[in-house]
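Biologist: Got a minute to go through this model with me? Let's start with the charged pairs, then look at the ligand.

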Amino acid sequence: MKRIGGRKGLGKKAEILIVGSGLAGMSAGRVLSASGYQVTVFDKGFRCGGRYATRRIDGFSFDHGTPYFKPSQIPEDLKDILEKPYIRSWPYDLSEKGEDALVSMPAMRSFPEELGRGLDVRQGVEIEKLRFSDDVFIAETADISSGPYDAVLLTAPGPQTADLIEGLLPFGEDLLQAARKVTYAPQFSVLIGYDFLRDAPAIIHNPTPKIAKIVNQAKKPDRPKKSAFVVFCAPEWSLENLDRPKDEVAQIILKDLQNILFEHGVAGDGLDNPVYLAAHSWRYCRLETSAGLTPLAQIDPRSALAVAGDWIMLPDTHGALSSGIHAARQIEIKLSNRS
Ligand SMILES: Cc1cc2nc3c(=O)[nH]c(=O)nc-3n(C[C@H](O)[C@H](O)[C@H](O)COP(=O)(O)OP(=O)(O)OC[C@H]3O[C@@H](n4cnc5c(N)ncnc54)[C@H](O)[C@@H]3O)c2cc1C
């Protein structure tokens, strides 16, 4: 087994491993790196960002995870990002607070990518097991062993984080219990692209019982100017159809999209013939049951093992970002008490 990494000592030079390059992992990494820690991020996905996901294919750019977010979802510690060129206001979906939506540029996954700029981020690396002894952690993948690390932050969805903590018992016992009670609802996103550009509404909410939302990619700033839609299926319908082949799901939703666009005054010819059509199934989409952990409870009292993610307390952009920041602060306190 190959070994990578090496211990640099405690205090400001301590080495910290973050599992997951979604918003929680990247917000934590940003805080820890700014404080001088050596941060390594491993993520099993091909691309950075977790559920801030974008599929770029055949000249299309589909944001098939979070489609947009709101200024009020950015925690105080990160408010400076609202001025960055990779965040742009998108004047649709005004909420009851009268806020414009925000999108990131040139794709939704650019937000976590930019948050993690400068960090050592390695995609396509799945952590299968963690070990802890003599106050340090070793992380194992199928073919490498990495470490030692002075602290570890786990940000995968609760059920996946629980599997990793299990190997560390008796350390992390309370975190394991909290992560085990977390449940998510699955959801389909269907990606539909045409080789023409036709005007259509930016967002259509709840058009049928099958569909929660349709987002028109071409209406987002700086996206390819071809008609492209991400259809976010309703959670109930997604659950009922979870075992259906994805091709069938895509065909069913395509038919609905044609009718809905037609009802919204979009010319119907060619809508039955997209050049790109695919369904993506999110196993962990929206949180149903949270762990309900306070910031102080995000760290193991007996080791520098911490957890973050949208399952900690709040099921969205704000919850992921703020839990990452809280976990980073707890790790800093733990390591500074040690040095
Ligand atoms: C379709 C959809 C629509 C959404 N819409 C909205 C919305 O409108 N507004 C909103 O605020 N939120 C929305 N959300 C929720 C939002 O995307 C999430 O709350 C947020 O992105 C979660 O970030 P996270 O860092 O906690 O987790 P994630 O983004 O899931 O990141 C966890 C990462 O851990 C990695 N990982 C898991 N296990 C391992 C392992 N063993 N080794 C290495 N890496 C691992 C995964 O690959 C993943 O990248 C939506 C989500 C989806 C899927």
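Biologist: Which residue does Asp269 form a salt bridge with?
Modeller: Arg198, with the closest N and O atoms 3.8 Å apart. Keep in mind that this is a predicted model.

Biologist: Where do the two partners lie?
Modeller: Asp269 is in the loop between helix H6 and S17, and Arg198 is in the loop between strand S13 and strand S14. So the pair ties together parts 71 residues apart in sequence.

Biologist: Is Asp269 buried or exposed?
Modeller: Exposed, with a relative accessible area of 55%.

Biologist: Any networks?
Modeller: Yes. Asp63, Lys220 and Arg223 are joined into one network by salt bridges that share partners.

Biologist: How many salt bridges does the structure hold?
Modeller: 18. One of them joins the side chains of Asp310 and Arg51, at 2.7 Å from N to O.

Biologist: Why does Asp310 count as buried?
Modeller: Its relative accessibility is 8%, and buried means under 20%. Arg51, at 23%, counts as partly exposed.

Biologist: On to the ligand. Which residues are closest?
Modeller: Asp43, Arg51, Thr66, Asp310 and Thr317, out of 36 that surround the ligand.

Biologist: What polar contacts does the ligand have?
Modeller: Among them, an N or O atom in the Thr317 side chain sits 2.7 Å from a ligand oxygen. A polar backbone atom of Lys44 is 3.0 Å from a ligand nitrogen.

Biologist: How much of the ligand's area does the protein bury?
Modeller: 94% of the 1,000 Å² that the ligand exposes when taken alone.

Biologist: Why does the ligand lie between domain 1 and domain 2?
Modeller: Because both domains give residues to the shell around the ligand.

Technical notes:
Residues are numbered from 1 along each chain as its sequence is written. This is a predicted model: local features need pLDDT of at least 70, side-chain atom pairs count only at pLDDT 80 or more; totals for chains, interfaces and linings use all residues. Side-chain values use heavy atoms; hydrogens and water are left out. A residue is near a molecule or strand if one of its heavy atoms lies within 4 Å of it. A polar contact is a pair of N or O atoms within 3.5 Å; within protein, one must be able to donate a hydrogen and the other to accept it, and residues adjacent in sequence count only if both atoms are side-chain atoms. Accessible areas come from the Shrake-Rupley method with a 1.4 Å probe; for residues, only the protein chains shown count as cover. Domain bounds come from an automatic or database domain assignment. A salt bridge is a side-chain nitrogen of Lys or Arg within 4 Å of a carboxyl oxygen of Asp or Glu. Buried means under 20% relative accessible area, exposed over 50%, partly exposed in between (1.4 Å probe, protein chains only). Helices (H or I, at least four residues) and strands (E, at least two) are DSSP runs, numbered from the N terminus.
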